[in-house]
Number of protein chains: 2
Amino acid sequence: MKKKEVILQAATHLFSRKGYKDTAMGELTKMTGAAEGTIFYHYKSKQGLFLAILSNLKEGILPEFERYRNAESEKTGLDMVEESISFYLYMAQSREDLFAILHQRYPYELAESNPECRDHLEAVYNCFVDIFENAIVTGQRDGSIAPDIAARKSALIVFSMVDSMVRFRMNNLYDVGALYKDLIESCRRMLENRTR
Amino acid sequence: MKKKEVILQAATHLFSRKGYKDTAMGELTKMTGAAEGTIFYHYKSKQGLFLAILSNLKEGILPEFERYRNAESEKTGLDMVEESISFYLYMAQSREDLFAILHQRYPYELAESNPECRDHLEAVYNCFVDIFENAIVTGQRDGSIAPDIAARKSALIVFSMVDSMVRFRMNNLYDVGALYKDLIESCRRMLENRTR
DNA sequence: TATAAAACTGACTGAGCGCTCAGTCTAGTT
DNA sequence: AACTAGACTGAGCGCTCAGTCAGTTTTATA
């Protein structure tokens with residue numbers, strides 16, 4: 001692995017664990033064995049490095065979400081919602097570093113002045129919400145989900161619940177495992193079609 | 001107003017808008033007119049100042065939530081849930097500074113090594129969840145809310161939704177106003193008693 | 001093997017930071 | 001008027017940090 005890649009990986013790890021501001025470039029040199037200058041040779045600034053991480057995050061996560069979304073399924077839409085929640089929670093755990101970065105303040109602050117950053121964030125969030133919307137639309141077609149709810153907005157609401165769970169877990173506020181069953185049940189009650 | 005209080009207010013504002021690490025003590029001197037030394041005369045360190053803010057936040061918010069929770073209501077539990085969501089969103093808007101601080105990384109980081117900080121956070125979050133739990137328990141008693149759901153866990157789930165909405169608004173990700181109606185409707189579907 | 005480009009190095013810089021401290025000011029008491 | 005305690009001051013200290021740059025090593029090409 002080239003130094004450039006090593007730096008990116010180490011920076012992803014450090015930024016996600018300690019935050020942007022609390023990570024010194026000097027720590028990166030210790031972790032990577034690269035000299036201070038090498039980092040600035042490959043990335044023009046600390047902010048530039050962060051943008052590279054975001055871009056890498058997008059490239060690493062989106063395809064997996066898109067592949068998941070496009071996979072054929074025999075399930076009802078309502079069951080797909082449950083599965084999507086599982087999938088999201090699974091991804092958030094297996095790619096902890098990347099999701100932790102999305103739960104920090106810095107990217108949103110940067111997004112206000114940097115369109116590239118804003119684009120990355122929007123793409124990622126749209127993709128997240130898409131998998132829930134896809135399941136809901138499917139459910140409205142097959143009759144398992146209430147036809148009179150707004151699919152996109154409901155998808156956003158489901159996402160907001162799952163996103164909070166991830167945040168709770170990361171901040172050590174609540175044990176998400178203990179809530180998982182109730183979360184699924186709540187979403188089912190929220191979405192299921194009762195007119196049949 | 002004494003300098004000490006002025007410093008606390010200004011620091012609350014700055015910390016909430018720019019974050020803990022990105023706020024320099026020097027900025028506080030400009031905002032308050034107090035000398036650098038004055039801040040450290042009243043608060044023993046930057047961290048100590050932050051703890052004072054948290055304590056002040058608790059004292060400022062909890063009584064209002066407790067008063068709200070203990071107020072008698074003619075409403076059904078299900079209607080109370082809706083009202084509680086409104087109340088929470090209203091509080092989050094009118095006390096924007098305080099809620100913004102709760103949505104930062106620093107307090108949770110500090111909580112891991114500082115019990116005082118941890119206590120403050122726990123007290124605040126418990127109080128938040130309590131108002132939803134109270135409504136749900138009431139609803140289970142009056143029959144408007146499903147008897148077979150776990151009140152505390154459901155309260156946590158409702159809270160997680162509302163909390164995400166506040167976070168979305170703060171990060172300029174989505175317009176919460178546009179989602180309000182759907183949020184309420186979703187919670188109703190999620191909680192309402194259908195066995196009657 | 002010679003040459004050039006690309007990758008890498010680490011001592012250095014200067015700005016900014018949290019915090020200190022010796023001393024001044026103010027208001028209340030005797 | 002003399003004294004005192006608490007509030008307040010701001011220059012300055014020690015340190016950290018992002019970023020630079022002149023120079024060295026590695027790699028690719030001729």
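**Close-up 1. What kinds of residues make up the surface near DNA strand C?** In this predicted model, that surface has six nonpolar, six polar and four charged residues. In total, 16 residues surround DNA strand C, and the closest are A:G37, A:Y41, A:H42, B:M25 and B:K46. Of the strand's atoms within 4 Å of the protein, 64% belong to sugar or phosphate, with bases making up the rest.

**Close-up 2. Phosphate contacts on DNA strand C.** Zoom in on A:H42 and you'll find a polar atom of its side chain 2.4 Å from a phosphate oxygen of the strand. B:K46 also uses its side chain, with an N or O atom sitting 2.6 Å from a phosphate oxygen. For A:A35 it's the backbone: a polar atom there is 3.0 Å from a phosphate oxygen. The elements giving two or more residues to this surface are α3 (36-42) of chain A and α3 (36-42) of chain B. α3(A) gives the most, with five residues.

**Close-up 3. Over to DNA strand D.** Here 17 residues surround the strand, and A:M25, A:K46, B:T38, B:Y41 and B:H42 are the closest. Sugar and phosphate account for 69% of the strand D atoms that come within 4 Å of the protein. By class, the surface has six nonpolar, seven polar and four charged residues.

**Close-up 4. Phosphate contacts on DNA strand D.** A backbone N or O atom of A:M25 comes 2.6 Å from a phosphate oxygen, and one from B:A35 lies 2.9 Å from a phosphate oxygen. B:K3 joins in through its side chain, where a polar atom is 3.3 Å from a phosphate oxygen. α3 of chain A and α3 of chain B each supply at least two residues of the surface near this strand, and the largest share, five residues, comes from α3(B).

Definitions and conventions: Residues are numbered from 1 along each chain as its sequence is written. Chains are lettered from A and ligands numbered from 1 in the order in which they are written. This is a predicted model: local features need pLDDT of at least 70, side-chain atom pairs count only at pLDDT 80 or more; totals for chains, interfaces and linings use all residues. Side-chain values use heavy atoms; hydrogens and water are left out. A residue is near a molecule or strand if one of its heavy atoms lies within 4 Å of it. A polar contact is a pair of N or O atoms within 3.5 Å; within protein, one must be able to donate a hydrogen and the other to accept it, and residues adjacent in sequence count only if both atoms are side-chain atoms. Helices (H or I, at least four residues) and strands (E, at least two) are DSSP runs, numbered from the N terminus. Ala, Val, Leu, Ile, Met, Phe, Trp, Tyr, Cys and Pro count as nonpolar, Asp, Glu, Lys and Arg as charged, and the others, Gly among them, as polar.
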